[in-house]
Amino acid sequence: MYRSARRRSSTTRGRNQRGISGRNKRIIAVLGTVTVFAGIVAVTQVSSANDQLRTSSECVAPSPGAAAEGGVTTTVTRENGRDVRHHWGDGQTTLEECEGDSTVVAAPTIVCPSVEDRLPEIPAAARTEVTRNLELLQTQIDEANARLANSVGQGGPNFINNAILGPLASKRVATLDRIAIAIGRVAPRPRGLDELATCELVNQPSQDNGNDGGNGNDGGNGNNDGGGNGLEILADSCENSNLDDHDGFQIGNRCVDTEMGEVGSAANNPSLLITEFPEEVNANEPFTIRVSTRNLVRDRFLPAGQGGYYIESSLLNEQGLTRGHFHTACRILESTEFAPDPAPVPAFFVATEDGGGGAQPDQVTIQVSGLPQSGIAQCSVWAGDGSHRVPMSERANQTPAFDAVRIRVN
């Protein structure tokens, strides 16, 4: 792996006096707002929600499209046994949250093991009874979550277990038993359903795991002097730039002096592909996009809306794989004959991390809440390192980790 030249020492340039204070990093704890999205139970236990970022000298209003449905900034779903965190607007906060130096945390959420996935093929004679009880299980969860939301601040430390989770487990035991009996009348009775009765409370602040994001490698190989093969290097730092320093927030006409960081070998460079998408949808109709990534460890996200943009160097894990996340965006094209205007915010945008990913390709499902107008939509997906740059590659002739599809919106 290679590493870019280290940030130059401070000098006076243009309108700025570069100094250590210009790079001072104040620590803030980032707590994600979690809620139920598109009917999927929300779960949150991803450590990078506590990544440390520096703050801005003044609060900046979030851009349009910065929040998910209901105004939340982070939603978490459960998929394939892991938590999938979606950062709407790349972690922006409202002006009220910024000015109050606080973040809003949603009420805790109850999540229960999936039952339908554990059932054998349901005989026709038992289907009505089983379906009715599966619906009852969901009703019980909804009622428990409503009780939870209405009882914030009540009782002592054991209140939730004794008043909500305990009774919910008892109800689920009886309902699961009725499902087993219904199937057992006409087919072999399923075993072990009672193991699915116990639910858990989630949406608690993640605990710092002590990982500072590094991998112990200095990234250098001692052989590259950056000579440019005889070509004049116009700039490799911001020392002579007339632009103001970039401060980690999403503002243009700035100079980014953060080191590029670590780049892996060609075989370990990230790649990405959209594997499933609809060819046609109606306006405001929810749909899903399936994304497969390879060589991207999706465990690193510094909220761009809170000063994490271009502020951290790229990092590899111990296996030489890029640490980061990926983005999904959909926009309606004005024309398919010329490049679109880059300035408007997309109709849909979300950044996704889930603690998964690795050398082998896997799949993540993105829930698109719907596109507001008819036309041809361009839905794009691209990888990002922890600080939102498209990951670097060893060679110039490697395709970056991105993909895009066209969807007709009626």
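**Two buried loop residues and a three-stranded sheet**

At 12% relative accessibility, Arg-389 counts as buried, since in this predicted model a residue is called buried when its relative accessible area is under 20%. The residue belongs to the loop that runs between strand E18 (375-385) and strand E19 (402-409). Leaving aside residues up to four places away in sequence, Arg-389 touches Thr-258, Glu-259 and Met-260, then Tyr-310, Glu-312, Ser-313 and Ser-314, and also Ala-383 and Gly-384.

A second loop residue can be read in a similar way. Ser-237 is located in the loop between strand E7 (200-202) and strand E8 (244-245), and with a relative accessibility of 19% Ser-237 counts as buried, the cut-off being under 20%. The side chain of Ser-237 reaches the backbone nitrogen of Glu-239, at a distance of 3.3 Å.

From the loops we turn to a sheet. Strands of a sheet pair through backbone hydrogen bonds, in either a parallel or an antiparallel manner. Here 3 strands form an open sheet in the order E11-E13-E17, and their pairing is antiparallel. Strand E11 (271-276) and strand E17 (362-368) stand at the edges, and because each has a single partner strand, one side of each is left without a neighbour in the sheet. From one strand to the next, the twist averages 30 degrees.

Within this sheet, E11 is joined by 5 bridges to strand E13 (residues 287-294), the two running antiparallel. Glu-276 stands opposite Arg-290 in E13, which gives the reader a place from which to follow the pairing in the structure.

Terms used. Residues are numbered from 1 along each chain as its sequence is written. This is a predicted model: local features need pLDDT of at least 70, side-chain atom pairs count only at pLDDT 80 or more; totals for chains, interfaces and linings use all residues. Side-chain values use heavy atoms; hydrogens and water are left out. Helices (H or I, at least four residues) and strands (E, at least two) are DSSP runs, numbered from the N terminus. Buried means under 20% relative accessible area, exposed over 50%, partly exposed in between (1.4 Å probe, protein chains only). Contact means heavy atoms within 4.5 Å. A polar contact is a pair of N or O atoms within 3.5 Å; within protein, one must be able to donate a hydrogen and the other to accept it, and residues adjacent in sequence count only if both atoms are side-chain atoms. Two strands pair if DSSP finds at least two bridges between them. Axes are lines fitted to C-alpha atoms, for helices over the stretch in contact, and angles run from 0 to 180 degrees between N-to-C directions.
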